[in-house]
Amino acid sequence: MLSTLVFLAILAVVAFYVIGIYNRLVKLRNRYQNAFAQIELQLKRRYDLIPNLVETAKAYMTHERETLEAVIAARNGAVAGLQAAAAQPGNAHGMAQLAGAESLLQNALGRLNVTLEAYPELKASQNMQQVSEELSSTENKLAFARQAFNDAVMDYNTYKQSFPPVVLAPTFGHAQDAGLLEFADSEVIQAAPKVSF
């Protein structure tokens, strides 16, 4: 009788411990998914600002159609990359696809900025200054959101890979590590693009 009670007590403690592991895995996964939602919010804002930037520049840059079209094409590619990543936040393939699309967009915006240097009246335009300020602000918010996402992913992966969660995580549907949002060019994540008009 006493041994049965001891056994049931040990079984209850183990059950509560396993439930605690499951709940923590869910909490950490939800945290990085929420952090990705913040990235998604800032990227959507950024993608919405880019057409405004191009439209403002079009009036002045009649001979630079190719540059403007490249920015729009890169923006559309980045939107597609974001949609793929948003379908499964933390998926390593989706994060790599988004990082590649963002890199292409960053390069296109860089070429646009170089081209804009030849148009001093455009740089002085009130609309261009306003769009530039909004874009720079969004870039800063995006950098913070990326850092928060990568921190949340690291916490999730570290806990999931520690013992005993590493034994139980696959059983609970946490077999894959979450992917970080990394960029090929480390300067992209460290510094917001210079958008000065």
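UniProt positions are given here in the numbering of this model, feature names are shortened, and annotations may be inferred rather than shown by experiment.

**View 1. The annotated segment, residues 6–25, in a predicted model.** An unreviewed UniProt entry lists residues 6–25 under "transmembrane region". In the predicted model, this stretch is 100% helix and 0% strand. The C-alpha atoms at its two ends lie 29 Å apart.

**View 2. The helices of the chain.** The chain holds seven helices and zero strands. Read from the N terminus, the order of elements is α-α-α-α-α-α-α. The radius of gyration is 23 Å, well over the 16 Å that the globule rule gives for 197 residues, so the chain is more spread out than a compact globule. Along the principal axes, the C-alpha trace spans about 90 × 25 × 25 Å.

**View 3. Contacts and buried residues.** Among contacts in the chain with a separation of 6 or more, 81% are between residues 24 or more positions apart. Of the 197 residues, 38% count as buried, where buried means under 20% relative accessible area.

**View 4. The exposed surface and the charges.** About 11,100 Å² of the chain is exposed. Carbon and sulfur atoms supply 57% of that area. The chain carries 16 positive and 18 negative charges. The mean position of the positive charges and that of the negative charges are 8 Å apart.

Definitions and conventions: Residues are numbered from 1 along each chain as its sequence is written. This is a predicted model: local features need pLDDT of at least 70, side-chain atom pairs count only at pLDDT 80 or more; totals for chains, interfaces and linings use all residues. Side-chain values use heavy atoms; hydrogens and water are left out. Helices (H or I, at least four residues) and strands (E, at least two) are DSSP runs, numbered from the N terminus. The radius of gyration is taken over C-alpha atoms; the globule rule is 2.2 Å times the number of residues to the power 0.38. Buried means under 20% relative accessible area, exposed over 50%, partly exposed in between (1.4 Å probe, protein chains only). Contact means heavy atoms within 4.5 Å. Accessible areas come from the Shrake-Rupley method with a 1.4 Å probe; for residues, only the protein chains shown count as cover. Lys and Arg count as positive and Asp and Glu as negative; His and the chain ends are not counted. The place of a charge is taken as NZ of Lys, CZ of Arg, CG of Asp or CD of Glu.
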